[in-house]
Amino acid sequence: MAKDRIESKYVTVAPGVELHILEKGEGKPLVFIPGLTFSGEIFKNQLEYFSSEYRVIAIDPRGQGYSAKTVDGNDYLTHGRDVAGLIDALGLKDIVLIGWSTGNLDTWSYVQQFGKDKLRGVVTIDMSPLPLSPDPKWWTEGTIEELSQVATQVLTSSEGCREFFSEYATGVMIQHKMEPDELEYLLDISGRTPYWICRQLFCDAVFSNYLEIAKDVGATMPSLMFVAEHWQDIAKPFVETQLPGYDTYVMGGHLMFYEYPEKWNRVLEDFLNKL
């Protein structure tokens, strides 16, 4: 067991498919799932902080980080099944699932397919369960035109992916002005996902609709949604009206738990202490 250091491990979740995880601590499990192209490494501060009381596990989803790169299965239904495979392989129960960005889709996909019996709470970070809608009042990832352009013109090469995430990191993820080495660090993590997997996952995310399952989660179990400041005017009312039952907390940019770990960890800790 990972008691006093972060352990790097591989877990078989499907025939021929290993997920890479980082793990530290003992107790009830917290399972962190990162967003598009990122790895569990982005949760280093949370691994260190929460492992004094919990068994903390951070996943590299299929196609990301050091996990298996597969031609098929680069979609969120499969990601949900991979989460179930991990939970079974590690014998986890009384879990709090914590998704960031498209990691929210992994989380809702797991619940849709496997239910809530092994969960005691769900935390989602800054992404709508319905990423595409023509209704301007809905919290989405962008207009149909913008998302179409990214999918068909940008994420079609490694260079395009790097440019996209470089702009996204500086414009949406991080609020402070990053030095070159910090941006390179984030792009290096992201760059472990091949561009063609990134594009498949991006397209699947855009067309996903987990609204009904997200509503059910909010209605039946403790649920928390973190929202970034830059779209709180749309996102906060959306969560409050469409996802009743979720607590909402507004702070920082899209990567708030990485940029402001002390503040973010305290909010999560307050949530966990009520479970």
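These legends go with three close-up views of a predicted model.

In this predicted model, local features need pLDDT of at least 70 and side-chain atom pairs pLDDT 80 or more, while totals for chains, interfaces and linings use all residues. Numbering runs from 1 along each chain as its sequence is written, and side-chain values use heavy atoms, with hydrogens and water left out.

**View 1. The largest pocket.** Its volume is about 500 Å³. A pocket here is an open set of points on a 1 Å grid over the protein atoms alone, where a 1.4 Å probe fits, with protein on both sides within 12 Å along at least five of seven lines; lining residues have an atom within 4 Å of a point. There are 27 of these residues, and Glu-141, Leu-147, Phe-164, Tyr-168 and Phe-202 sit nearest the centre. α5 (158-173) is one of the helices that chip in at least two residues, and with 8 it gives the largest share.

**View 2. The second largest pocket.** This one comes in at about 180 Å³. Of its 13 lining residues, Pro-136, Trp-138, Thr-140, Gly-142 and Ile-234 are closest to the centre.

**View 3. His-254 and its neighbours.** His-254 sits in the loop between β8 (246-250) and α10 (256-259). With a relative accessible area of just 1%, His-254 is buried (under 20%). Its side chain makes a polar contact (N or O atoms within 3.5 Å, one able to donate a hydrogen and the other to accept it) with the side chain of Asp-126, at 2.6 Å. Leaving aside residues up to four places away in sequence, His-254 also touches residues including Trp-100, Tyr-168 and His-230 (heavy atoms within 4.5 Å).

Methods. Points joined across faces, edges and corners; volume = space filled by probe spheres on them. Helix = DSSP H or I, 4+ residues; strand = E, 2+ residues; numbered from the N terminus. Buried < 20%, exposed > 50% of the residue type's maximum accessible area, 1.4 Å probe, protein only.
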